[in-house]
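Let's walk through this one together, starting at the ligand and working outwards. Have the sequence and the 3D view open side by side.

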Amino acid sequence: MNYICQKCGKVETTQTYKANCDCSGLWQLDFIPQKFDLKLIDNKEWNIFRYKAFMPIKDYITLGEGMTPIIKFDNHLKLKMDYFMPTLSFKDRGAAMLISHCKEIGVQKVVQDSSGNAGNSIAAYAAKAGIECEIYVPSGTSPKKIDMIKAHGAKCHIIEGNRDNCADVCRQRVINDGVYYANHVYNPYFYEGTKTYIYEVYEQLGRIPENIWVPVGNGTLVFGVIKGLEHLYNSKIIDKIPEIYLVQSEFCAPIYDEFNHKTSEIKETLAEGIAIGKPMRKNEILNIAKKYNIKIVKSPENKILYARDKLAKQGIYCEHTTAATYAAYLSYIEKYGQLADNLISMCGAGLKSDH
Ligand SMILES: Cc1ncc(COP(=O)(O)O)c(C=O)c1O
Ligand SMILES: [Zn+2]
């Protein structure tokens, strides 16, 4: 299996420990799965590797991630309960895949930076795989996320400043020490895990909903959603790509801004999971948005707690970043009218961001 540099086109084996190409370009995975077919799903696996026929992996590390239910919230909205995961967020889909790859190529130690959830996931799967792990998080990260990272035996570095600064510090460590960067933004194996979100939706509903709402910080769920949908489309399982709505925080919206030729100040937001001022794959996200006519919408900061409360009053206790997606949906339908057949990922658990 090979990586291809998205900048200069260089081909590099996926056995490499290099976080990116020498030209600074990020890797893309040279992998086209076989045609999707429900018959190829391994029904004995109750985890994301039931789709291993479409994944670039032989052996895998699993903690029982995926297989999350879809529930009806009201007549127009379904929720996929992705916080029902081993470390309580959708990032387990990507971490299970990426750490499986690390194990396969013999990595002994990984580092990763995160707003908390991806770090939790990498720490847990690295622990299961017997791989040493260090996680960098920005100061201000929810204490419960930090506790969980430490509980899995990972060393947790708390870096002063914002999320982007934390990533810079971790990337410098990777450059200085050559340690493996098990990062959800750099490493495309992560997206081969997050794409199972779509496979599951299709398997569970027997169809893909018309409107899919996805939070976007660095874009790991977006890339997974697109990969999954393109695979279903190319396999002639679905006959169109649904409407996709990418949700950015009103206080941190670099992708929205660039798409709309605007500039806005970055401020602190309750939606810590999407507080990414410098998404490394911004151009890839913008290209996808243009290709599929995707709408990029902003989540109103002053509606996040309201949205979280509205969900909680119906038994769903999600984290602020997840409530932000619902807040964006509410404000969109308030402005443009109700849409039929919506799906939102409940991608992070409330207990993790109880501040
Ligand atoms: C709960 C939650 N939702 C959404 C996101 C956004 O994911 P991404 O940065 O990969 O776009 C994150 C990222 O940490 C998260 O933790
Ligand atoms: Zn290159």
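Which polar backbone atom is 2.6 Å from an oxygen atom of ligand 1? That atom belongs to Gly 219. The ligand takes up 390 Å² of exposed area when taken alone, and the protein buries 98% of that (Shrake-Rupley accessible area, 1.4 Å probe).

Before going on, a word on what you're looking at: this is a predicted model, where local features need pLDDT of at least 70, side-chain atom pairs count only at pLDDT 80 or more, and totals for chains, interfaces and linings use all residues. Residues are numbered from 1 along each chain as its sequence is written, chains are lettered from A and ligands numbered from 1 in the order in which they are written, and side-chain values use heavy atoms, leaving out hydrogens and water.

Back to the ligand. Side chains join in too: an N or O atom of Asn 117 sits 2.6 Å from a ligand 1 oxygen, and a polar atom of the Lys 91 side chain is 3.1 Å from one. In total, 17 residues surround ligand 1 (a heavy atom within 4 Å), with Gly 217, Asn 218 and Thr 220 also among the closest. That shell splits into 5 nonpolar, 10 polar and 2 charged residues, with Gly counted as polar.

Now zoom out. The chain is divided into domain 1 (2–54), domain 2 (70–86 + 189–353) and domain 3 (91–181), with bounds from an automatic or database assignment. Ligand 1 lies between domains 2 and 3, because both give residues to its shell. As for domains 1 and 3, their C-alpha centres are 20 Å apart, and their contact (heavy atoms within 4.5 Å) takes 8 residues from domain 1 and 11 from domain 3.

Notes. Polar contact = N/O pair within 3.5 Å; in protein donor to acceptor, adjacent residues only side chain to side chain.
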